[in-house]
Structures are given as C-alpha cells and as structure tokens.
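The following exercises ask the reader to work through a set of helices and some of their residues, one step at a time. Please look over the sequence and the structure before starting.

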Amino acid sequence: KFCLVTFPRAVRNEWKLACVVSFVFWLPLFLMWWLTGKDLIWAQAILGSEGMSSLEGMYGKNSDTVEHLRSEHGSNFRMFGHYIKNNVGIDFKLFAGGIAFGIGTLFFLIFNGIYFGAVLGYVAAAGDPEKLWRFVAGHSSFELLGMLVVGMAGLKMGFALLAPGQLSRSQALTKAGRDGLPLLIGGALMTALAAVVEGFWSAQPIAADVKYTVGITFWVLHVLYFVFAGRRSYGA
C-alpha cells in the first residue's frame, strides 16, 4: 500500500517542492555540463586531478569500465555495498540539511548538480561518453529521482522552520517531519534500488542497446508511476 498508493500520492501533493528541487538540481547540472564542454578548467576546479584521473580510469577512451570496477571493488555484492553507502550518505545530508532552514538541503542539491555536470562535461571532452551513458542508464532514474524526493522531505522541514504559521517552530518541525516521512522513506527506497541496479546490472558487460532500452523504460515507468499510481484508491 505504501509503494502503490501512499508514496506516489505524497509526491504529487508536494508538487511545488518537486518543482523547486528539480530547478535547484538540474539547472546547475546543465550549466556546469555546458561550461565544462567550453573549458576543462571548470572540471579541474570541481573534480580535481584525482577525480579526473578516476573518471579516465572508468570512462577513458582506452579504459575498460567493467575491468576498472572489478579491480576496485571485486564482486557485485561489494559494488552494491559501496553504492548503498554512497547513496545513503547523500540522502542523509539532503534530509538533515533541512534542519538548517533548508539551506543544507539546497546546498547539497546544488553541489550534486554541479558535480554531476562536471563529470558529464569532462567525460564528453576527454573520455568516451558512451561508456558513461552505458553504465548509468539502468540506475539513473532510481538514483536521481530518489535523491530529489529526499530533497523534497528536507526542504519541507526547512520551509516549516521559516514559516511555522501559528505553530511554534518545534511543533512545525515535528509536523513537517511526520508529513515528510513518506517522501524520506520512498526516496531512500529508490536510492537503495539504484545501488542494487548499479551493483548487479550496470557494471555487467551487457550490450549498450539493451542497457539503453532498460534505462529508458525505467524513466518512463517512473514518470507514469508518480503521475498515476494510487489515484483511484484515494481520489488524488
């Protein structure tokens, strides 16, 4: 019931927050992607030499993404463990950042947008972008949309502190945290599923066309899910 009704309805009810987090994340991403394509000094400033070297190891023109991941993580399960740790860390920062009147949540959304944009721009300019797209295709919808949903939960708390209305700030924060719990749980489940796909699918030597088809299918299903799931049961 939570997955089929409660969660998608909670996202639809907070469509204004969805617009805010989408703007705050996607605009810096596309802007940094464009800037990095114009001048790689932007990538150097954001990624550093170590980050650029790591990307070349994974997505360089002469690199093997699967071999690089195997040498770094070994088994599928270890890759899953690495990605779940990374994703949970991002979720925690996005949600906890709401306590600072939403400033922390906004910061981490902007930071991740800038970082991902720098990665895309650098790989497109100095590496093999097809390797990157082939790797991220399957899990991107789970990871990015889940991250944005958790960001919505964080901003909900931040806005409650900024404008508590007739409630005290502590009461407003408690109410916002309770109302935003479905967003937090649902978003965290999505990012956990992203780690599963990353560990057991994305790193596998599967044909690019198959990975792209699966990735596009997941994006379409997510859009349909958030737009239509649970409407009949609650009249949302």
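Angles under 35 degrees count as roughly parallel, over 145 as roughly antiparallel, 65 to 115 as roughly perpendicular and the rest as oblique. The model used in these exercises is a predicted one.

**Exercise 1.** Classify the packing of helix 7 and helix 11 from the angle between them, and describe their contact.

Solution. Helix 7, covering residues 129–136, packs with helix 11, covering residues 208–228, at an angle of about 50 degrees, and their axes are 8 Å apart. The two helices are therefore oblique to each other. Helix 7 passes helix 11 in a left-handed crossing. On the side of helix 7 the contact is made by Glu 130, Trp 133 and Arg 134, and on the side of helix 11 by Ala 208, Lys 211 and Tyr 212. Sorted by class, this contact of helix 7 with helix 11 holds three nonpolar, no polar and three charged residues.

**Exercise 2.** Do the same for helix 2 and helix 3, using the angle at which their axes cross.

Solution. The axes of helix 2 (residues 15–38) and helix 3 (residues 41–59) come within 6 Å and cross at roughly 125 degrees. Helix 2 and helix 3 are therefore oblique to each other. Helix 2 contributes Met 32, Leu 35 and Thr 36 to the contact, while helix 3 contributes Trp 42, Ala 43 and Ile 46. The residues of the contact of helix 2 with helix 3 divide into five nonpolar, one polar and no charged.

**Exercise 3.** Decide how helix 5 and helix 8 are oriented, and list the residues that meet.

Solution. Helix 5 and helix 8 pack at an angle of about 25 degrees, with 7 Å between their axes. They are therefore roughly parallel to each other, and their crossing is right-handed. From helix 5, Asn 87, Ile 90, Asp 91, Leu 94 and Phe 95 take part, and they meet Glu 143, Met 147, Val 150, Gly 151, Ala 153, Gly 154 and Met 157 of helix 8. By class, the contact of helix 5 with helix 8 has seven nonpolar, three polar and two charged residues.

**Exercise 4.** Check the span of helix 8 against its number of residues, and then find out how far helix 8 is enclosed.

Solution. Helix 8 runs over residues 140–162, and at 1.5 Å a residue its 23 residues should span 33 Å; the C-alpha atoms at its ends are 32 Å apart, which agrees. Of those 23 residues, 21 are buried, so helix 8 is largely enclosed by the rest of the structure. Ser 141 is found in helix 8, and at 0% relative accessibility Ser 141 counts as buried. Leaving aside its neighbours within four places in sequence, Ser 141 is in contact with Gly 146, Met 190, Phe 218, Trp 219 and His 222.

**Exercise 5.** Decide whether Met 32 and Ile 114 are buried or partly exposed, and name their contacts.

Solution. Residues under 20% relative accessible area count as buried, those over 50% as exposed, and those in between as partly exposed. Met 32, found in helix 2, has a relative accessibility of 7% and so counts as buried. Ile 114, placed in helix 6 (residues 103–126), stands at 24% and therefore counts as partly exposed. With neighbours within four places in sequence left aside, Met 32 is in contact with Trp 42, Ile 46, Ile 114, Gly 117 and Ala 118. Under the restriction to residues beyond four places in sequence, Ile 114 is in contact with Pro 28, Leu 29, Met 32 and Ile 46.

**Exercise 6.** Locate Phe 101 and Gly 81, and describe what the model shows for each of them.

Solution. Phe 101 lies in the loop between helix 5 (76–96) and helix 6. Although Phe 101 is not a glycine, it has a positive phi of about 55 degrees. Its relative accessible area is 37%, so Phe 101 is partly exposed. Gly 81, by contrast, has its place in helix 5, and with a relative accessible area of 30% Gly 81 is partly exposed. From C-alpha to C-alpha, Gly 81 and Val 196 are 8.9 Å apart in space, although 115 residues separate them in sequence.

Technical notes
Residues numbered from 1 in each chain as written. Predicted model: local features only at pLDDT ≥ 70, side-chain atom pairs only at ≥ 80, totals over all residues. Heavy atoms only, no water. Axes fitted to C-alpha atoms, helices over the stretch in contact; angles between N-to-C directions. Helix = DSSP H or I, 4+ residues; strand = E, 2+ residues; numbered from the N terminus. Left-handed = near helix turned anticlockwise from the far one by under 90°. Contact = heavy atoms within 4.5 Å. Nonpolar A, V, L, I, M, F, W, Y, C, P; charged D, E, K, R; others polar. Expected span 1.5 Å × (residues − 1). Buried < 20%, exposed > 50% of the residue type's maximum accessible area, 1.4 Å probe, protein only.
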